[in-house]
Amino acid sequence: MLTRSRYRRGMKRISIVLLALAVLVGGASAVAVAKGPGKPSPKAAKAQQRGLLQAAATYLGVTPAALRTELRSGKSLAQVATAKGKSADGLKAALVAAIKTKVDAAKAAGKLNAARADRLLQRAPQLVQRLVNATPRARAVRAKGARGGLLKAAATYLGLTNAQLVTDLRAGKSLAQVATAKSKSVDGLKQALLAALKQKVDAAVAAGRLDAARAQKLLERAPAHIERLVNRSRS
């Protein structure tokens, strides 16, 4: 299985070669990059990846959002295709065809010269092969959702609304200071946050979004992270 960093590096290489694919989502900035040397901008790279995602989703008969969820669970595009009763080779052909359509359109519009278009098309099958078989690491609990869940757990323990707690935190107070002001135990707050985090991790494992080994690591590190969170202030 590829690590997340290796997967990202692979996606960057694919983005560099498949610059014209950004036309799938109207990425004018990516076309500008295609005309000059250097790497595509992060925005352009994301646009290209969205274009590939759309082409893959269409072939697989799912929405882009549904396919993104499958990939975030740690599956490769090939594994998703197999689960959907689709051919991985057919998926690769669909992606290469989508690339060719957009490269040809970019060349016809004068946004890509013939030599570069040929190089893109020659290298596309190999890079699509890597993309289809790459397995990103399953994401853990989404950061925004996890923060929101911890905020709610802290507010509930402290007897406040989320908005009231946010106001106190933005005023420069730490969670520990808020707890003390509300005559609540700081240790009790830490336990409440730890319990909320464990619940989220357990739910992610049960839903197949997180493997047991990573869940265990998250829970082992949780007390230290919560300690810092409770005592951190913005002042």
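The pLDDT is the predictor's confidence in each residue, on a scale from 0 to 100. This score is a helpful place to start, since the model described here is predicted. Across the protein the mean pLDDT is 76, and 73% of the residues reach 70 or more. Confidence varies among the elements: helix α10 (residues 175-181) has the highest mean pLDDT, at 95, while helix α2 (residues 28-35) has the lowest, at 35. Helix α2 (residues 28-35) falls within the stretch of residues 6-47, over which the pLDDT is below 50. Even so, beyond near neighbours in sequence, residues 6-47 have 66 contacts in the model. The pLDDT is also below 50 over residues 138-145, a stretch with 18 contacts beyond near neighbours in sequence. Readers inspecting either stretch may like to keep these scores in view.

Turning to the overall architecture, the secondary structure consists of 12 helices and 0 strands. Read from the N terminus, the order of elements is accordingly α-α-α-α-α-α-α-α-α-α-α-α. Of the contacts in the protein with a separation of 6 or more, 65% join residues 24 or more positions apart. The protein has 235 residues, of which 36% count as buried. On the outside, about 13200 Å² is exposed, and carbon and sulfur atoms supply 54% of that area.

The interior comes next. In soluble globular proteins, nonpolar side chains tend to be buried together. In this model, the largest nonpolar core contains 26 residues, and the members touching the most others are L67, L77, L91, L95 and V132. Two or more residues of this core come from each of α3 (42-60), α4 (64-72), α5 (77-83), α6 (88-108) and α7 (114-133). L67 offers a good view of the packing: leaving aside neighbours within four places in sequence, its contacts are L53, A56, A57, L60, V62, L77 and V80. One of these partners, L77, is itself among the residues that touch the most other core members. A second core, separate from the largest one, is made up of 22 residues, including L165, A196, A215 and I226.

Aromatic rings complete the picture. A search of the whole structure for aromatic pairs finds 0. Lysines do, however, lie over tyrosine rings at two sites, described in turn here. At one site, K86 is placed over the face of Y59, 5.6 Å from the ring centre. At the other, the charged end of K184 sits over the ring of Y157, at 5.7 Å from its centre.

Definitions and conventions: Residues numbered from 1 in each chain as written. Predicted model: local features only at pLDDT ≥ 70, side-chain atom pairs only at ≥ 80, totals over all residues. Heavy atoms only, no water. Core = buried A, V, L, I, M, F, W, Y, C linked by side-chain atoms within 4.5 Å. Buried < 20%, exposed > 50% of the residue type's maximum accessible area, 1.4 Å probe, protein only. Helix = DSSP H or I, 4+ residues; strand = E, 2+ residues; numbered from the N terminus. Contact = heavy atoms within 4.5 Å. Phe/Tyr/Trp six-rings, centres within 6.5 Å; stacked < 30°, edge-to-face > 60°. Lys NZ or Arg CZ within 6 Å of the ring centre and 35° of its normal. Areas by Shrake-Rupley, 256 points an atom, 1.4 Å probe, with all protein chains shown as cover.
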